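Please look over the model shown below, taking the fold as a whole before turning to single residues.

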Amino acid sequence: MPTPPTTEETPRKRDKTHYLYLAVIVAVALGILVGFLFPGFAKGLKPLGDGFVNLIKMMITPIIFCTIVIGVGSVAKAAKVGKVGLMALFYFIIMSTFALAIGLVVGNILHPGTGLHLNPADVKSVQKSAGGAEGPVDFLLGIIPKTLVSAFTEGEVLQTLLVALLVGFALQKLGAKGTPILRGIEHIQRLVFRILAMIMWAAPIGAFGAIAAVVGATGWAALKSLAVIMIGFYATCLVFVFVILGIVLWLGARVYIWHLLRYLGREFLLILSTSSSESALPRLIAKMEHVGVSKSVVGITVPTGYSFNLDGTAIYLTMATLFIAAAQDEPLSLGSQIGLLVFMIIASKGAAGVSGSGIATLASGLQSHRPELVNGVGFILGIDRFMSEARALTNFAGNAVATVLIGNWTKEFDREKAQRVFAGQEPFDEATMLDEHSHAAGTDDMDDTVKEPAR
């Protein structure tokens, strides 16, 4: 008699979301085709992409709040949270400096923009972006919300981060009395991620509208005239991700960069189609917990990194500034380059996930330091959308690497689980986006965490 197949031989049912992301790829290809063949019609499809991104952004605040409160509230020692935060900020400063240096080197080698004749007609639209530049004091005061709930209604990431930290520390002080509140927030988190999973089925429509609109508005002309800076920028981002981040990730956590990027392949596709790293923030939080980083480290590092770890934006601001200065025959000295760009990096905090924020930051920095160069920002508007995709992808990769590194340095990273996840032995649950039957590294430490009561 034939031997019945064992459980291991039974083929695993294919995840339905596999077809969702295949549909996203098809939608992107169709969007490019429609953009070239029917540019006028394609421009009118922009609301489809904007609508999808707005749906994702709608979920950012509750996800960040729940994740941070659960991560901080379940840690018994408040000093541990401060240690993770300081370590993350120190790492972010170092990597932003590396990105800044690489952008300066490549920009001074390529000399993009030399010999171009800029069109001053675009200046008015740029000056609107530059007019609302904030100083350091306004930025710091803006972190404090007007009321305890206004951070949720206004969708400010840093304000949500502050409120969530306060709630998390308050739950620590409540001790056992705060456990029911913590469990209630965990249930809310499951609900929020379930809503997000439903929204993701609209991704093909959003990707089609976003890509068609930008191709229809731009066409081939801008790509040809600005090929040098585009190719140079993309090449610089690739070198930064695969060489700099790859070496740092291997030396700091013994993890190959390719394994991590392949694991996050769907998120990169989502960012590429929406041109916003914020669209993948909720999934990054869920996947970093699934890969073996503790909830507390993920809850602190990922949201903070989205505001302070802007590697792609640093490279963009560097090369774009050199491009504009050279195009107007007003090259900057090395001292001027460093001073101006350090200001831009500070001014860009909190705008990592907003599509088009790079061009506003660039205009604001030039308006504050070298107003005579603002005229040149209009010329780069034609390809800013294509460059914003590389910015978002690089920022996202940098935050993923940072989360693994911080988790490993704080001994809150389960490398064995990560290896199983990378090998496909523990697939990510696309339906719930949560590990319902496992705990991330560090949750069994009686000295650092509060044990979950039996259910």
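The paragraphs that follow move from the whole chain to its core, its helices and a few backbone details.

This is a predicted model, in which local features need pLDDT of at least 70 and side-chain atom pairs count only at pLDDT 80 or more, while totals for chains, interfaces and linings use all residues. Residues are numbered from 1 along each chain as its sequence is written, and side-chain values use heavy atoms, with hydrogens and water left out.

The secondary structure of the chain consists of 21 helices and zero strands, where helices (H or I, at least four residues) and strands (E, at least two) are DSSP runs numbered from the N terminus. Of the 455 residues in the chain, 53% are buried; buried means under 20% relative accessible area, exposed means over 50%, and partly exposed lies in between, with a 1.4 Å probe and protein chains only. The accessible surface comes to about 20600 Å², and 67% of this area belongs to carbon and sulfur atoms, the areas coming from the Shrake-Rupley method with a 1.4 Å probe, and for residues only the protein chains shown count as cover. If contact is taken as heavy atoms within 4.5 Å, then among contacts between residues at least 6 apart in sequence, 84% join residues at least 24 apart.

The largest nonpolar core has 102 residues, such a core being a set of buried Ala, Val, Leu, Ile, Met, Phe, Trp, Tyr and Cys residues joined through side-chain atoms within 4.5 Å. The residues with the most contacts inside this core include Tyr91, Leu249, Tyr263, Met288 and Val291. Leaving aside neighbours within four places in sequence, Tyr263 is in contact with Lys287, Met288, His290 and Val291, and also with Val421, Phe422 and Phe428.

Some of these partners lead to helix 15 (residues 281–290), where ten of the ten residues are buried. The buried residues of helix 15 include Arg283, Lys287, Glu289 and His290, alongside Leu281, Leu284 and Met288. Just after helix 15, Gly292 takes a positive phi of about 125°.

An unreviewed UniProt entry lists residues 19–38, 58–76, 88–110, 157–174, 195–220 and 226–252 under "transmembrane region"; positions are given in the numbering used here, feature names are shortened, and annotations may be inferred rather than shown by experiment. In the model, residues 88–110 are 100% helix and 0% strand, with end C-alpha atoms 33 Å apart.

What span should helix 3 have at 1.5 Å a residue? The 28 residues of helix 3 (residues 46–73) should span 40 Å, which agrees with the 41 Å between its end C-alpha atoms, the expected span being 1.5 Å times one less than the number of residues. Helix 3 nevertheless bends by about 30° at Ile60, and Pro62 follows within four residues; the bend is the angle between axes fitted to the seven residues ending there and the seven starting there.

In helix 9 (residues 179–199) lies Leu182, which counts as buried because its relative accessibility is 7%. Ile188, also placed in helix 9, is partly exposed at 45%, and its C-alpha atom is separated by 9.2 Å from that of Ile63, 125 residues away along the chain.

Most residues other than glycine have a negative phi. Arg254, however, has a positive phi near 60° in the loop between helix 12 (227–253) and helix 13 (257–263), and is partly exposed with a relative accessible area of 45%. Lys411 likewise has a positive phi of about 60°; this residue is found in the loop between helix 20 (377–409) and helix 21 (415–422), and is exposed at 72%.
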